[in-house]
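This report looks at one residue and its surroundings, at a sheet elsewhere in the chain, and at the enclosed spaces inside the protein.

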Amino acid sequence: MTYKALLIGRYIDLMRPMPKLLRRAGFEVDVITTAQGYNALKPVRQVWVATDAAQLLTLAAARSCEHYDLIVIGDDEVLLQIVGSHQSDDIKLRLLPVCSVENFRHIGSKVMLSQLLEAANIPTPAFSVVNNVDALKSTLLQTLYPVMLKNDVSAGGAGVFPYATGDNLQEVLSKPLVFPLLVQQRIEGDLLDLSGFYQHGALIHFSYSSMTQFVGTALGPSSVRNYAQLATVSAEVFELLRRLGQVLGAHGFVNTTCLRDRESGQHFLIEADMRANTWVDYARYLGDDPAIAIRQYFDSGRTLTNPQPFRIAYPKQLVVPYVYRLTAKEILTNRYRVWGFCRDVGKRELVIKRIFKPLVCEYIKPWISPARWKQLQRVIAKIMQV
């Protein structure tokens with residue numbers, strides 16, 4: 001049987017792995033997007049290109065009335081746009097990856113997520129919510145441990161600022177803080193990704209990886225992760241994610257981040273964005289294939305059980321790089337054995353866009369005149385045309 005999925009989003013990098021994953025799970029995939037590079041989304045059946053965010057929402061609302069077995073929202077901006085729109089609750093429920101109208105409130109909100117987790121006794125770092133500068137000053141002067149200041153709506157490490165006793169308070173206050181602000185205890189430990197797929201609040205699949213390298217600072221997006229087979233993951237984590245799905249009313253992909261305390265080993269949830277991330281399909285390299293799990297759910301209603309069998313044909317742990325976030329030098333030198341993870345990257349894109357262009361910018365641009373650089377840019381643009 002072939003199923004039908006609709007993918008809606010504005011950013012190619014976030015949506016890139018989804019069509020291939022869903023095709024392997026037995027879906028025909030349609031796409032609604034504002035992105036101009038939608039040709040990178042392969043394989044898809046049909047693409048509707050919106051001119052702006054408003055038209056994207058109009059197209060999404062219209063297409064949601066068609067028969068799709070799964071609708072996937074690709075990024076936080078579209079999620080928030082749908083939640084804040086004047087569309088009916090029925091249309092919002094068809095589009096959003098949640099089970100009920102009550103679940104709308106936590107979508108895109110760090111404050112609401114922390115409050116929900118605390119109310120459900122799901123481990124999350126201690127936190128407080130402040131609504132103005134005076135309350136923030138008072139809270140920071142009284143805090144006895146390092147904290148993270150988090151704007152309620154933000155992604156990719158933006159809008160997140162560290163603070164510890166002794167730091168320059170005025171410097172912190174000069175940051176682009178937006179109220180209400182989440183003041184969250186900073187736990188020393190490993191940053192983990194526990195992202196998964198849910199249906200009707202039930203856990204269908206998740207992956208377990210620690211983030212080891214980042215783009216820019218440790219608050220930026222990760223570029224290298226260390227994955228572990230689900231067979232090696234503790235029952236505590238399975239139960240944690242099952243409870244999370246129920247609390248969120250999760251009905252789709254959830255981008256889940258947690259901290260594993262360095263001393264106790266306990267897992268504390270800190271993020272649960274209601275969308276997939278760019279790493280959504282990498283667990284297949286350890287035999288924990290999300291496509292198989294999704295297909296089995298739609299065929300027979302099968303959910304994830306614990307313990308999972310150890311897959312002897314696959315590694316117990318595996319360091320996995322994300323080629324789109326590595327430098328040209330790292331790709332050329334096969335850093336982290338990245339060549340083995342390039343099967344889904346076109347050779348033309350890998351050679352020209354990921355290697356040739358960055359090296360030209362780094363080694364040639366500083367030595368030629370602005371006029372010559374403009375000429376060279378035109379040549380590069382012509383070479384890069386698909």
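Which residues does Ser 209 touch, not counting residues up to four places away in sequence? In this predicted model, Ser 209 touches Leu 191, Leu 192 and Asp 193, and also Arg 225, Asn 226 and Tyr 227, when residues up to four places away in sequence are not counted. Ser 209 is found in strand 12, which covers residues 208–214. Asp 193, one of the residues touched, lies 16 residues away from Ser 209 in sequence, yet the two are 5.3 Å apart in space, C-alpha to C-alpha. Because its relative accessible area is 0%, below the cut-off of 20%, Ser 209 counts as buried.

The pairing of strand 12 can be described next. Strand 9 (residues 189–193) is joined to strand 12 by two bridges, and these strands run antiparallel. Within strand 12, Ser 210 is the bridge partner of Leu 192. Strand 12 also pairs with strand 13 in the antiparallel sense, over six bridges, and Met 211 stands opposite Arg 225 in strand 13.

A separate description is due to an open sheet of four strands, whose order is 5-8-6-7 and whose pairing is antiparallel. Strand 5 (127–130) and strand 7 (160–163) are the edge strands, each pairing on one side only. On average, and with direction ignored, neighbouring strands of this sheet are turned by 20° against each other. Strand 6 (residues 147–151) and strand 8 (residues 181–185) run antiparallel and are joined by five bridges; Leu 149 stands opposite Val 183 in strand 8. Helix 6 (residues 110–119) packs on the sheet, where it touches strand 5, strand 6 and strand 8, and the direction of helix 6 makes about 140° with that of strand 5.

The enclosed spaces form the last topic. Rolling a probe the size of a water molecule over the atoms shows where empty space is left. The count comes to three cavities of 30 Å³ or more, and the table sets out two of them.

| Cavity | Volume | Lining by class | Element giving the most |
|---|---|---|---|
| Largest cavity | about 120 Å³ | nine nonpolar, six polar and three charged residues | strand 14, three residues |
| Second largest cavity | about 50 Å³ | eight nonpolar, two polar and one charged residues | strand 4, four residues |

The largest cavity has a volume of about 120 Å³, and of the 18 residues that line the largest cavity, the closest to its centre are Ser 195, Gly 196, His 205, Phe 253 and Val 280. At least two residues of the lining of the largest cavity are supplied by each of strand 10 (196–199), strand 13 (222–228), strand 14 (253–261) and helix 10 (290–300). Strand 13, which thus contributes to this lining, is also the strand that pairs with strand 12 over six bridges.

Which residues line the second largest cavity? The lining consists of Leu 70, Ile 71, Val 72 and Ile 73, together with Pro 97, His 251, Gly 252, Phe 253, Met 274, Arg 275 and Ala 276. Strand 4 covers residues 70–73 and gives the most to the lining of the second largest cavity. Phe 253 appears among the residues lining the second largest cavity, and Phe 253 is also one of the residues closest to the centre of the largest cavity.

Notes
Residues numbered from 1 in each chain as written. Predicted model: local features only at pLDDT ≥ 70, side-chain atom pairs only at ≥ 80, totals over all residues. Heavy atoms only, no water. Buried < 20%, exposed > 50% of the residue type's maximum accessible area, 1.4 Å probe, protein only. Contact = heavy atoms within 4.5 Å. Pairing = 2+ DSSP bridges. Axes fitted to C-alpha atoms, helices over the stretch in contact; angles between N-to-C directions. 1 Å grid on protein atoms, 1.4 Å probe; cavity = no way out; pocket = protein on both sides within 12 Å on 5 of 7 lines; lining within 4 Å. Points joined across faces, edges and corners; volume = space filled by probe spheres on them. Nonpolar A, V, L, I, M, F, W, Y, C, P; charged D, E, K, R; others polar.
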